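Reader: Hi, could you walk me through this one? I am new to reading structures, so please take it topic by topic.

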Amino acid sequence: MATELTFSEEISNLLYAAEGNPINTCIQCGTCAGTCPAVEFMDHTPRVLIGMIGANLKDEVLNSNTFWSCSSCYHCTVRCPAGIDITGLMYALKRYSMWKEQYQEDLIGPEFSESFVKMIMRTGRSFEPVLAPTYVTKYGTRGMIEEARTASALFLKGRLPMLPKKIKGIENLRQMVKRIIPVGGPS
Ligand code: SF4
Ligand code: SF4
């Protein structure tokens, strides 16, 4: 009979083929938390989050905004004395969270990620007019006006096309994306 993996083992497996040491080699030194420029926006510091994964606090981890607040700057990864790819862990948690459909409500990240993947699956390119509605309403009236101004300026300079263009070999790209991401697909 197959043994059910713990949450910590599932996350470790997601990082198995990645560079860096396993997360259970974390010595809880706090270097990642001290170096992270986004830590003030996070519910838990990277150090605490790794401790929570080790303690199998699955719901608490998935309901944290920490990995959605990560800006992928890699500061923590290059400074971690244990050689853990913390940035890769943040990406892995985003994918896992989307896969399990469990994340904090009212975050921009999950909806944005889903729209982005679907758009890439359709055309192979990012297309701002499709992505913008997933986050622009969260900016408030002033923010929306600013976004509209920027979009108009880009459009007038020919930097914002009316319609997305499909890349060559889109089917190959779709096959690759389907192998790594359990969400998306043309809809
Ligand atoms: S810097 Fe590395 S070893 Fe230190 S707490 Fe963060 S993950 Fe753990
Ligand atoms: S990669 Fe993410 S978690 Fe690491 S320091 Fe940068 S913002 Fe913080």
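Author: Let us start with a term we will need for the ligands: a residue is near a molecule if one of its heavy atoms lies within 4 Å of it. Please also keep in mind that this is a predicted model.

Reader: Ok, so how many residues surround ligand 1, and which are the closest?

Author: There are 14 residues around ligand 1, and the closest are Cys26, Cys29, Gly30, Cys32 and Cys80. The elements that give two or more residues to this shell are helix H2, residues 31–35, and helix H3, residues 46–54.

Reader: What is the split of that shell into nonpolar, polar and charged?

Author: The shell around ligand 1 holds 10 nonpolar residues, three polar ones and one charged residue.

Reader: And which residues are around ligand 2?

Author: Around ligand 2 you will find Cys36, Pro37, Pro46, Cys70, Ser71, Ser72, Cys73, Tyr74, Cys76, Thr87 and Met90. By class, eight of the residues in that shell are nonpolar and three are polar, while none is charged.

Reader: Tyr74 is on that list, so where is it found along the chain?

Author: Tyr74 sits in the loop between H5 and helix H6, the latter covering residues 75–79. Its phi is positive, about 70°, although Tyr74 is not a glycine.

Reader: Why should I care about the sign of phi?

Author: Most residues other than glycine have a negative phi. Glu101 is another case to look at, with a positive phi near 55° in a residue that is not glycine.

Reader: Are those two residues buried or exposed?

Author: Tyr74 has a relative accessible area of 40%, so it is partly exposed. Glu101 counts as exposed because its relative accessibility is 66%, and its place is in the loop between helix H7 (86–100) and helix H8 (108–123).

Reader: Let me zoom out for a moment. How many helices and strands does the protein chain have?

Author: The protein chain has 11 helices and zero strands. Its C-alpha atoms fill a box of roughly 55 × 40 × 30 Å along the principal axes, and 36% of its 187 residues count as buried.

Reader: How is the chain divided into domains?

Author: It is divided into domain 1, residues 7–100, and domain 2, residues 108–180. The C-alpha centres of domain 1 and domain 2 lie 27 Å apart.

Reader: What about contacts between residues that are apart in sequence?

Author: If you take the contacts in the protein chain between residues at least 6 apart in sequence, 63% of them join residues at least 24 apart.

Reader: Back to the loop between H7 and H8, then. What does the side chain of Gln104 reach?

Author: Gln104 is placed in that loop between H7 and H8, and its side chain reaches the backbone oxygen of Asn63 at 2.8 Å. The side chain of Gln104 also makes a polar contact with the side chain of Asp43, at 2.9 Å. Leaving aside neighbours within four places in sequence, Gln104 is in contact with Asp43, Leu62, Asn63, Ser64 and Asn65. With a relative accessibility of 25%, Gln104 counts as partly exposed.

Reader: Asp43 and Ser64 came up there, so which residue has Ser64 as a side-chain partner?

Author: That is Thr66, whose side chain makes a polar contact with the side chain of Ser64 at 2.9 Å. Thr66 lies in helix H5, residues 66–69, and beyond its neighbours within four places in sequence it is in contact with Met42, Asp43, His44, Leu49 and Met90.

Reader: Why does Thr66 count as buried?

Author: Thr66 counts as buried because its relative accessibility is 0%, and buried means under 20%. Ser97, which is found in helix H7, also has 0% relative accessibility and so counts as buried.

Reader: Which residues is Ser97 in contact with?

Author: Leaving aside neighbours within four places in sequence, Ser97 is in contact with Leu62, Phe67, Trp68, Gln102 and Tyr103.

Reader: Last one: what is Ile108 in contact with?

Author: Ile108, which lies in helix H8, is in contact with Thr134, Tyr135 and Lys138 once its neighbours within four places in sequence are left aside. At 31% relative accessibility, Ile108 counts as partly exposed.

Definitions and conventions. Residues are numbered from 1 along each chain as its sequence is written. Chains are lettered from A and ligands numbered from 1 in the order in which they are written. This is a predicted model: local features need pLDDT of at least 70, side-chain atom pairs count only at pLDDT 80 or more; totals for chains, interfaces and linings use all residues. Side-chain values use heavy atoms; hydrogens and water are left out. Helices (H or I, at least four residues) and strands (E, at least two) are DSSP runs, numbered from the N terminus. Buried means under 20% relative accessible area, exposed over 50%, partly exposed in between (1.4 Å probe, protein chains only). A polar contact is a pair of N or O atoms within 3.5 Å; within protein, one must be able to donate a hydrogen and the other to accept it, and residues adjacent in sequence count only if both atoms are side-chain atoms. Contact means heavy atoms within 4.5 Å. Ala, Val, Leu, Ile, Met, Phe, Trp, Tyr, Cys and Pro count as nonpolar, Asp, Glu, Lys and Arg as charged, and the others, Gly among them, as polar. Domain bounds come from an automatic or database domain assignment.
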